[in-house]
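Have the structure open in a viewer with a selection tool ready. The stops below say what to select next and what is there.

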Amino acid sequence: MTSSPLTQHSLKKEALAARLRAPEGGAAGPVGLAKETSNLFRDRKTAPRRRLDVRAFNQVLAVDAAGGSVDAEGMITYEDLTRACLAHGVMPAVVPQLKTITLGGAVAGVGIESSSHRYGLVHDTMLELDVLLGDGRVVGCTPSNEHADLFFGFPNSYGTLGYALRVKARTVPVKPYVRLAHLPFKRAAAFFAALREQLESGGADFVDGTVFSPGEMYLTLGRFAESAPYTSDYTYQHIYYRSIRAKREDYLTVHDYIWRWDTDWFWCSKNLFAQNPLIRRLYGRSRLGSRTYTRIMRWNSRVGITKKVERVLGLHSESVIQDVDIPLGRAAEFLDFYAEHIGLWPQWICPIGPQPHAGRFALYPVNNDWYVNFGFWDVKRTREAHAPGHFNRLIERKVLDLGGIKTLYSDSFFTPQEFHRGYGGEAYRRLKSKYDPQGAFPPLYEKCVLRH
């Protein structure tokens, strides 16, 4: 007889904790995960690590559609999690844009999507959290139990306090289709004024935006629909982000809306020639998506093909792969700065709504107010040489100046003092002392900035 998912989870949890507690002959260094997926965009320095295999923690434990929650293991991808939820007529309240992002990764980092104007970031939708600590203990965390400090300290900790083995998160009901309206704007002031008006009216189920240049931007509003006169398909021959310019109205199935950005990695598939019609056919429908592109990117990072070509062409390059959250009232200022100093287009915009617990998440401190996420992922190439991290450093300083915050999944260049002030330095020190006193996991600054 097959045991229940909860029973299997308990057995896996006990076995993993025992492996962590067991002495490792010859193994040294901090603990790391052996896993198949990663959506971090920063190269790490090679260092010895004890590897914990957590790949088996990839199951849905329960979907409570009536109660509005899903209970799942930390290494489940959002592709699998969302598929299970949709079968019950619900979706996770916030589904990050790429299929390979895991539930545990989204709460240990920061996850966002076009429902964030209503539900906040992924960690705002957490209800419960089980964390594997460095000494092998597994502690259950809720907003009100004895481990509430870890519940509110785990987001943005990036595996430096422990690993999420189980997460219970909020779900919301869906309808079969999503109707999209793409509203064009030529000026940032009008765009952000319209964005504020839409956010305050609360009528749309989904809100995001795309900036193609300082004089061309689109606000996209999505609303659930019971029926649709047609549905578009952006999983093969047609490309979603191009449709934003071409159409004022569109319809997608709810499944295809959730994953509208994955097929072309937003627009970054152009760097892998996947938007060329002939090469797109060579990829084939099944290989178009973040899973394939991530493998190619990591291979190129190891081999250095792009760097060699740039040297031949006399170019200097810097990866500018960032998500930053800026208070809505200062969003136009950031866009002006970005246009002047960075100028990589398109750019994604996603609003984040105020949430009851927003101010309590110690390592990602934001005010209980409206923010705008700016996402930009490309390479800045110049003829003149710059110091390493030059353009990313400009961005970091501007974000701090505007009272915003930057996510840590990619390159960071903060000084220790800036990092301490911006990412809950004293709170993190207390959490590290309480939950990882033996230093089984690397410290946050060393991992996210020094890349250890």
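**Stop 1: a nonpolar patch on the surface**

This is a predicted model. Begin by selecting Trp299, Val303, Ile305, Val309, Val312 and Leu313, which form a nonpolar patch on the surface with about 550 Å² of accessible area together. Two elements, helix H10 (290-303) and helix H11 (305-313), give two or more residues to the patch. The most comes from H11, with four residues. Now pick out Val303, which is found in helix H10. Val303 has a relative accessible area of 33% and is therefore partly exposed.

**Stop 2: along H10 to a salt bridge**

Stay on helix H10 and select Arg291, together with Glu79 in helix H2 (residues 78-86). Their side chains meet in a salt bridge, 3.3 Å from N to O. The pair links distant parts of the chain, as Glu79 in H2 and Arg291 in H10 are 212 residues apart. Is Arg291 buried or partly exposed? Arg291 counts as partly exposed because its relative accessibility is 33%.

**Stop 3: helix H15 and the residue pairs there**

How many salt bridges does the model have? The count comes to 30 salt bridges. Two further pairs can be shown together.

- Select Arg429 and Glu426, which form a salt bridge with the closest N and O atoms 3.0 Å apart. Both residues lie in helix H15 (residues 425-435), three residues apart, about one turn of the helix. Arg429 has a relative accessible area of 47% and is partly exposed, and Glu426 is partly exposed at 38%.
- Select Lys432 and Asp436, whose side chains meet in a salt bridge of 2.7 Å, N to O. Here both Lys432 and Asp436 are buried.

Next, select Asp71, Glu128, Asp130, Arg166 and Lys168, which are joined into one network by salt bridges that share partners. Side chains of opposite charge can pair when their charged atoms come close.

**Stop 4: the cavities**

Turn to the interior and show cavities if the viewer can draw them. There are three cavities of 30 Å³ or more.

The largest cavity has a volume of about 120 Å³. To find this cavity, select Leu121, Asp124, Ile352, Ala358 and Val366, which lie nearest its centre among the 15 residues of the lining. What classes of residue line the largest cavity? The lining has eight nonpolar, four polar and three charged residues.

The second largest cavity holds about 60 Å³ of space. Its lining can be selected whole: Met91, Val95, Glu113, Ser114, Ser115, Phe206, Tyr257, Ile258 and Arg260. By class, this lining divides into five nonpolar, two polar and two charged residues.

**Stop 5: Ser114 in that lining**

Keep Ser114 selected, since it is one of the residues lining the second largest cavity. Where does Ser114 sit? Its place is in the loop between helix H3 (103-108) and helix H4 (116-119). Ser114 counts as buried because its relative accessibility is 1%. Add Ile349 to the selection: the C-alpha atoms of Ser114 and Ile349 are separated by 9.1 Å, while the two residues are 235 residues apart along the chain.

**Stop 6: backbone details**

Show the backbone for the last three selections.

- Trp345 and Pro346: the peptide bond from Trp345 to Pro346 is cis, with omega near 0°. Pro346 is placed in the loop between helix H12 (331-341) and strand S14 (347-352).
- Tyr158: phi is near 50° here, a positive value in a residue other than glycine. Tyr158 is in the loop between helix H5 (148-153) and strand S8 (163-173). With 9% relative accessibility, under the 20% cut-off, Tyr158 counts as buried.
- Phe266: although not a glycine, Phe266 has a positive phi of about 60°. Look for Phe266 in the loop between helix H8 (254-258) and helix H9 (277-283). Is Phe266 buried or exposed? Phe266 is buried, with a relative accessible area of 6%.

Note on methods
Residues are numbered from 1 along each chain as its sequence is written. This is a predicted model: local features need pLDDT of at least 70, side-chain atom pairs count only at pLDDT 80 or more; totals for chains, interfaces and linings use all residues. Side-chain values use heavy atoms; hydrogens and water are left out. On a 1 Å grid over the protein atoms alone, a cavity is a set of points where a 1.4 Å probe fits but cannot get out, and a pocket is an open set with protein on both sides within 12 Å along at least five of seven lines; lining residues have an atom within 4 Å of a point. Grid points are joined across faces, edges and corners, and a volume is the space filled by probe spheres set on the points. Ala, Val, Leu, Ile, Met, Phe, Trp, Tyr, Cys and Pro count as nonpolar, Asp, Glu, Lys and Arg as charged, and the others, Gly among them, as polar. Patches are made of residues with over 30% relative accessible area and no salt bridge: like charges are joined within 9 Å, nonpolar side chains (Val, Leu, Ile, Met, Phe, Trp, Tyr) within 5 Å. Accessible areas come from the Shrake-Rupley method with a 1.4 Å probe; for residues, only the protein chains shown count as cover. A salt bridge is a side-chain nitrogen of Lys or Arg within 4 Å of a carboxyl oxygen of Asp or Glu. Buried means under 20% relative accessible area, exposed over 50%, partly exposed in between (1.4 Å probe, protein chains only).
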